[in-house]
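Here are a few friendly notes to read alongside the model. Have it open as you go.

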Amino acid sequence: MGKQGRRRMGSHALFLIAFFPCKFLAVAILDPLDFLALQSIRKSLHDLPGSNFFASWDFTSDPCNFAGVYCDSDKVIALNLGDPRAGSPGLTGRIDPAIGKLSALAELSIVPGRIYGSLPQSISQLKDLRFLAISRNFISGDIPATLGQLRSLKTLDLSYNQLTGEIPRSIGTLPELTNVILCHNHLSGSVPPFLSQVLTRVDLKHNALTGSLAPDSLPPSLQSLSLAWNKLTGPVDRLLSRLDQLNYLDLSLNQFTGPIPSQLFSFPITNLQLERNLFTGSVQPADQVTISTVDLSHNRLWGQISPMFSAVQNLYLNNNRFTGQVPASFVDRLLSGSIQILYLQHNYLTGIEIKPTAEIPVSSSLCLQYNCMVPPVQTLCPLKAGNEKTRPTAQCNEWKG
């Protein structure tokens, strides 16, 4: 009956019955439309050198036994094209529009390779499609707005391709969407609002997205949000305040403005990346921050550094406008090895209580240069910090004034 799990017989299956002494052999015949669709798909795709994926695709035998083809009764329900093993060369060619004829398809994936051309509009005919993943290929052109017709879609992963144009607003209306991964493309325009209340991951990093984010544009169910390396602007404090399920947040290398909401630091985040934006204001968490990595560098943050950050393992506050003394709790945790990275360079800090003879553990890094003080200890700083140990007095006096 084919490979185990490849085909499940249903009451509507067609049967070819061959009589043998003492027993019958029943084999389901694949729906003719699905058979023809698989033939068209095969003709437009090829193994890259070193790949042997299509070796089993012999159309004189049962297609439900083909590598990557999974059937339920007489219909194809899943198509996983390419050898999934790590390092496999993958496939080349185009995705044939006949893919839209696989009317029961619920899952479509293609391994990394050299698939090129546009995404066929006919994919939007796959009304049962729940999983669409074609990443790390060379798919180009626009994302079809008609993908918004796939009302059962849960995962959309078109990352690491050559896609252009805007993210269709229709995708944001998909009610069952849980994962949207469109990173590393050439997408432009604004981020559409996402209405799904079960959405957990949005990854749009490394595109050319512009505009601002409305306070209600993302649902509170979100757990992972990456918008890094875009050209997004405007404040995000009201939006972020609602996303209390976040465990990963990366908004780095944009032009976001306004304050960083203090409640953000109490969310279950393990990695917080807000560097290289235009965030302003004082940063004062209400409680001890337990996030392991916090990067607020290269912004326009000011005021005193809060002692609530002293439990952070990797803390980047450099290239801001922080003033005053470094809290004593930072020194204690640095000398005990609890803090691994403490970058405070390029601010307006005026002091830190640490003995010149203090031994900083080799596993820890401290950088204090280019502040309004002479660093009391000599430490290795990153090359980008420059050679100047102290900020010019005129700049420090101007900032005080």
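1. Which residue follows H3, and what is the sign of its phi? Gly 337 comes after this helix, and its phi is positive, near 90°. Do keep in mind that this is a predicted model, where local features need pLDDT of at least 70, side-chain atom pairs count only at pLDDT 80 or more, and totals for chains, interfaces and linings use all residues. Residues are numbered from 1 along each chain as its sequence is written, and side-chain values use heavy atoms, with hydrogens and water left out.

2. In H3 (residues 328–335), Phe 330, Val 331 and Leu 334 are buried (under 20% relative accessible area, with exposed over 50% and partly exposed in between; 1.4 Å probe, protein chains only). Seen down the helix axis, these residues fall within an arc of 100°, so they line one face of H3. Helices (H or I, at least four residues) and strands (E, at least two) are DSSP runs, numbered from the N terminus; the arc uses directions from the helix axis to the C-beta atoms.

3. Ser 364 sits in the loop between S28 and S29 and is buried, at 9% relative accessible area. Among its contacts (heavy atoms within 4.5 Å) are Leu 334 and Gly 337, not counting residues up to four places away in sequence.

4. The charged end of Arg 136 sits over the ring of Tyr 160, 3.8 Å from its centre. Arg 42 does likewise over Phe 54, at 4.2 Å. Here the CZ of Arg (or NZ of Lys) must be within 6 Å of the ring centre and within 35 degrees of the ring normal.
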